Amino acid sequence: MAGQIIAYGIMIGVFYGLVAVGLALLFGVMRYMNIAHGSFMMIGGYISFWLFTLWRVDPFISIPVVMFAMFLLGIILYRMLFSPLGKFPEGLRLGTSMLITFGLILVLDNVVAFLWTSDPKTIATSYSGTILEVLGIRLPFIRLAVLGVTFIVIISLHLFLNRTYFGKSLRATAEDWEAAALLGINIGRTYLVACGVSTALAGAAGTAVVLMYSITPYSGLEWLLTAFVVLVFAGLGNIKEVFMAGLLLGVVEQMSVLFMGGQFRAVVGLVIFVLILVLRPQGLFRQ
């Protein structure tokens, strides 16, 4: 029983890291707080649902297509909404970006409701109910596949941040954008790439949501809250530790099921979230 719950906690926790990493990247590099992150996830989920419904494209195969489409959306939104904020001081940039993305939530959610209606949507594939048993532990195939996709995303993001020019530019800008600008880094272009990558990661997470759960035009808030909890665990702007924070949250939530019952699963995560904000606001993984 305990092994089963821990295994579920690991699979869910790694997925939580995928949910939060795009938001962490945007805040870490640009100091923008995108509270429309959950809505971007839902759009990614709906694109995958549309591809599956219209052309029977397998959701896991559609993930690169979804990420590319969301990357383009992120670039468009940066050009239209975020680029004027670059000249603002950091504190004003943060507050203004929150106000802008709050308005964006209202627009995106209603556009999605118009296009796909408000009915819950999910993707049921031929392997949706497949269960694999390993050492007496029952593991849903879809959650294992999402785990594999998440590891691919982790490795790809690591290589991008550490082996490419744009990735190194993102890291330098996150450390000190003024010093990065003096060294010749194009800050505007770096912010553009960061916004596109952040939105693409949200799209990948949204595809996983529509496979494992269901989505509606207004369910982005639930996943935004999950992303915020993970970010507070890791420390705001701490990209490297997001997946460890998500793993911790997933295991803690599932262990609470064992000791307290399933109805308290989400409550436990929120209680720990508040305690960390009060007692260790820099996050669990920061000195």
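# Reading helices, cores and turns in a predicted model

Guide: Helix 5 and helix 8 are roughly antiparallel to each other. Keep in mind that this is a predicted model.

Visitor: How do I read that from the helix axes: at what angle do helix 5 and helix 8 cross?

Guide: An angle over 145 degrees counts as roughly antiparallel. In this structure the axes of helix 5 (residues 141–163) and helix 8 (residues 187–212) cross at roughly 170° and come within 10 Å. Helix 5 and helix 8 are therefore placed in the roughly antiparallel class.

Visitor: Which residues in helix 5 and helix 8 meet?

Guide: From helix 5 there are Ile 142, Arg 143, Val 146, Val 153 and Phe 160. They meet Val 193, Val 197, Leu 201, Ala 208, Leu 211 and Met 212 in helix 8. By kind, the residues of this contact between helix 5 and helix 8 are 10 nonpolar, no polar and 1 charged.

Visitor: What is the general idea behind a nonpolar core?

Guide: In soluble globular proteins, nonpolar side chains tend to be buried together. That is a tendency, so turn to the case here. The largest nonpolar core in this model has 86 residues, and those touching the most other members are Phe 15, Met 30, Phe 40, Met 41, Phe 60 and Trp 223. Helix 8 gives the most to this core, with 16 residues.

Visitor: Which residues does Met 41 contact, leaving aside its neighbours within four places in sequence?

Guide: Met 41 is in contact with Val 19, Ala 202, Ala 205, Gly 206, Val 209 and Trp 223. There is also a second, separate core of 5 residues, and among its members are Met 11, Val 14, Leu 139 and Leu 147.

Visitor: Now the strands. In which sense do strand 1 and strand 2 pair?

Guide: Strand 1 (residues 131–134) and strand 2 (residues 137–140) pair in the antiparallel sense, over 4 bridges. One place to look is Val 134, whose bridge partner in strand 2 is Ile 137. The two strands form a hairpin with 2 residues between them. In that turn, Leu 135 has a positive phi of about 55°.

Visitor: Where else is phi positive in a residue other than glycine?

Guide: Arg 56 is one such residue, with phi near 55°. Arg 56 sits in the loop between helix 2 (37–55) and helix 3 (59–82). Thr 117 is not a glycine either, and its phi is about 65°. Thr 117 belongs to the loop between helix 4 (90–116) and strand 1.

Visitor: Why is Arg 56 called exposed, and what is Thr 117 called?

Guide: Exposed means over 50% relative accessible area, and buried means under 20%. Arg 56 has a relative accessible area of 57%, so it is exposed. Thr 117 has 38%, so it is partly exposed.

Visitor: How do I read a pair that is far apart in sequence: how many Å separate Ile 6 and Val 252 in space?

Guide: Read two numbers, one along the chain and one in space. Ile 6 and Val 252 are 246 residues apart in sequence, and 8.9 Å apart in space, C-alpha to C-alpha. Ile 6 lies in helix 1 (residues 2–30), while Val 252 lies in helix 10 (residues 242–260). Ile 6 is partly exposed, with a relative accessible area of 37%. Val 252, at 24% relative accessibility, also counts as partly exposed.

Visitor: Which residues does Val 252 touch, not counting those up to four places away in sequence?

Guide: Val 252 touches Val 268 and Ile 272. Val 252 and Gly 269 are 17 residues apart in sequence and 7.4 Å apart in space, C-alpha to C-alpha.

Visitor: Where does Val 267 lie?

Guide: Val 267 lies in helix 11 (residues 265–279). Its relative accessible area is 43%, so Val 267 is partly exposed. The C-alpha atoms of Val 267 and Ser 256 are separated by 9.4 Å, and the two residues are 11 residues apart along the chain.

Notes:
Residues are numbered from 1 along each chain as its sequence is written. This is a predicted model: local features need pLDDT of at least 70, side-chain atom pairs count only at pLDDT 80 or more; totals for chains, interfaces and linings use all residues. Side-chain values use heavy atoms; hydrogens and water are left out. Axes are lines fitted to C-alpha atoms, for helices over the stretch in contact, and angles run from 0 to 180 degrees between N-to-C directions. Angles under 35 degrees count as roughly parallel, over 145 as roughly antiparallel, 65 to 115 as roughly perpendicular and the rest as oblique. Contact means heavy atoms within 4.5 Å. Ala, Val, Leu, Ile, Met, Phe, Trp, Tyr, Cys and Pro count as nonpolar, Asp, Glu, Lys and Arg as charged, and the others, Gly among them, as polar. A nonpolar core is a set of buried Ala, Val, Leu, Ile, Met, Phe, Trp, Tyr and Cys residues joined through side-chain atoms within 4.5 Å. Buried means under 20% relative accessible area, exposed over 50%, partly exposed in between (1.4 Å probe, protein chains only). Two strands pair if DSSP finds at least two bridges between them.
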